[in-house]
Amino acid sequence: MSLARTDSRAWGRFALFAECLLTGVWIALAALPLVTYPAALAAGTRHLRRHLAHEPGGWREFAADFRSAVRGGWLVGLAGWAAVAVVWTDLR
C-alpha cells in the first residue's frame, strides 16, 4: 500500500468527520426552538446523505431541506414534547 493511498483514505475520513461536526452545529442551531428538532434532524440526515453521494450541498441546501421539513415536522416536535410532559406528569 502506497503512502498516497493511505493519505487519501485518511483525508476522506477526516473530511467526513468534519462534515459531521459541521452538520451537528447546523442541527443544534435549527433545533433551538425545541419544536423543530425532528425537522432539523431530517435536514441534517439529508445533508449527510448528499455529502456521502458526492453531491454539492451546503448551508443553502440544508436551509431549504429544513424549511421543507419544518412544514409538518413542528407538529411531530410538539407531539414529542407533549408525550414527554405526559410521562413526566405520570412519574410525578
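**Exercise 1. Work out whether Phe-62 is buried or exposed.**

Start with the cut-offs: buried means under 20% relative accessible area, exposed over 50%, and partly exposed in between (1.4 Å probe, protein chains only). Phe-62 has 1% relative accessibility, so Phe-62 is buried. Keep in mind that this is a predicted model, where local features need pLDDT of at least 70 and side-chain atom pairs count only at pLDDT 80 or more, while totals for chains, interfaces and linings use all residues. Residues are numbered from 1 along each chain as its sequence is written, and side-chain values use heavy atoms, leaving out hydrogens and water.

**Exercise 2. Find which residues form one aromatic cluster with Phe-62.**

Rings of Phe, Tyr and Trp (its six-membered ring) pair if their centres lie within 6.5 Å; planes under 30 degrees apart are stacked, over 60 edge-to-face, and the rest tilted. Searching the whole structure turns up five aromatic pairs. Take Trp-26 and Trp-59: at 5.4 Å centre to centre and 70° between the planes, they are edge-to-face. This pair links distant parts of the chain, with Trp-26 in helix H1 (residues 3–30) and Trp-59 in helix H3, 33 residues apart. Helices here are DSSP runs (H or I, at least four residues), numbered from the N terminus. Next, Trp-26 and Phe-62 make a tilted pair, 5.4 Å centre to centre with 45° between the planes. So the cluster is Trp-26, Trp-59 and Phe-62.

**Exercise 3. Decide which of the two Trp residues is buried and which is partly exposed.**

Trp-26 has a relative accessible area of 11%, so Trp-26 is buried. Trp-59 comes out at 47%, so Trp-59 is partly exposed.

Terms used:
Helix = DSSP H or I, 4+ residues; strand = E, 2+ residues; numbered from the N terminus.
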